[in-house]
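Biologist: Please take a close look at the salt bridges in this protein. I would like the overall setting too, in plain words.

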Amino acid sequence: MPVTTNIRKATAADCPRMMELIHELAVYERAPQEVTVSPEHFLQSGFGPNPVWWAFVAEVDGEVMGFALYYIRYSTWKGQRMYLEDILVTEAARGNGLGRLLMEALIAEAHKRGFSGITWQVLNWNEPALNFYRKFNTWFDDEWVNGILEIPTNG
C-alpha cells in the first residue's frame, strides 16, 4: 500500500498533535515535568496576532508524525538566524526520511527569508540526534555555556 508523505507549514489545527509530540520528546529527554506551557499559550504564541514561532509538520497518510518549530534569533555578529527549537519525528515513524525532509524545509525557509544560518541545541548524550545533524555538515560548539534565568509567572 503506497504511503503519502507531505511536508507543509503548520496550522493552528496542528497544535494539539504538536503538543502530544512535545510531550513525547520531553519523555525521551528525561524531563516530562518540564513541559509547563499550556495548549492555549502554545496556540496563541504561534497563531495569535503576534506569532513568535513558526513550524513545519510532516504528515504520513494525513497524520502528523513529526514537526520542526523555529523562531527568529538575532546575532549582533551575524544578523537574523533561524533558531530551531525542536525537530521531532515520532518514534514509530523514524527511519523513513521525515527528519531529513523537515530539515530540508527549514534550510529552504532560512534561505528564502535571508537568514544567515540555523542554530539549535542538542543534548550531548543524544547520539541519534547528533548523528542526524552531522549528515548536514553541522559543527558543534563546545565553547559556549547555556545561561538560563527562570522568570516566575503570576497566575
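Modeller: Here is the setting, followed by the salt bridges. The model is predicted, so local features need pLDDT of at least 70, side-chain atom pairs count only at pLDDT 80 or more, and totals for chains, interfaces and linings use all residues. Residues are numbered from 1 along each chain as its sequence is written, and side-chain values use heavy atoms, with hydrogens and water left out.

Start with the fold. The protein has four helices and five strands. These are DSSP runs numbered from the N terminus: helices are H or I with at least four residues, strands are E with at least two. From the N terminus, the order is β-α-α-β-β-β-α-β-α. The radius of gyration is 16 Å, close to the 15 Å of the globule rule for 155 residues, so the protein is as compact as a globular protein of that length. That radius is taken over C-alpha atoms, and the rule is 2.2 Å times the number of residues to the power 0.38.

Now the charges. The protein carries 13 positive and 19 negative side chains. Lys and Arg count as positive, Asp and Glu as negative, while His and the chain ends are not counted. The centres of the two sets lie 8 Å apart. Each charge is placed at NZ of Lys, CZ of Arg, CG of Asp or CD of Glu.

A salt bridge is a side-chain nitrogen of Lys or Arg within 4 Å of a carboxyl oxygen of Asp or Glu. By this rule there are nine salt bridges. One of them joins Arg-8 and Asp-14, at 2.7 Å from N to O. Arg-8 is partly exposed, at 23% relative accessible area. Asp-14 is buried, at 6%. Buried means under 20% relative accessible area, exposed over 50%, and partly exposed in between, with a 1.4 Å probe and protein chains only.

Next, look at helix α3, residues 98-112. Glu-109 and Lys-112 both lie there, three residues apart, about one turn of the helix. Their side chains meet in a salt bridge, 3.7 Å from N to O. Glu-109 is buried, at 7% relative accessibility. Lys-112 is exposed, at 59%. Glu-109 also forms a salt bridge with Arg-113, with the closest N and O atoms 3.9 Å apart. Arg-113 is partly exposed, at 32% relative accessibility. Salt bridges with shared partners join Lys-9, Glu-109, Lys-112 and Arg-113 into one network.
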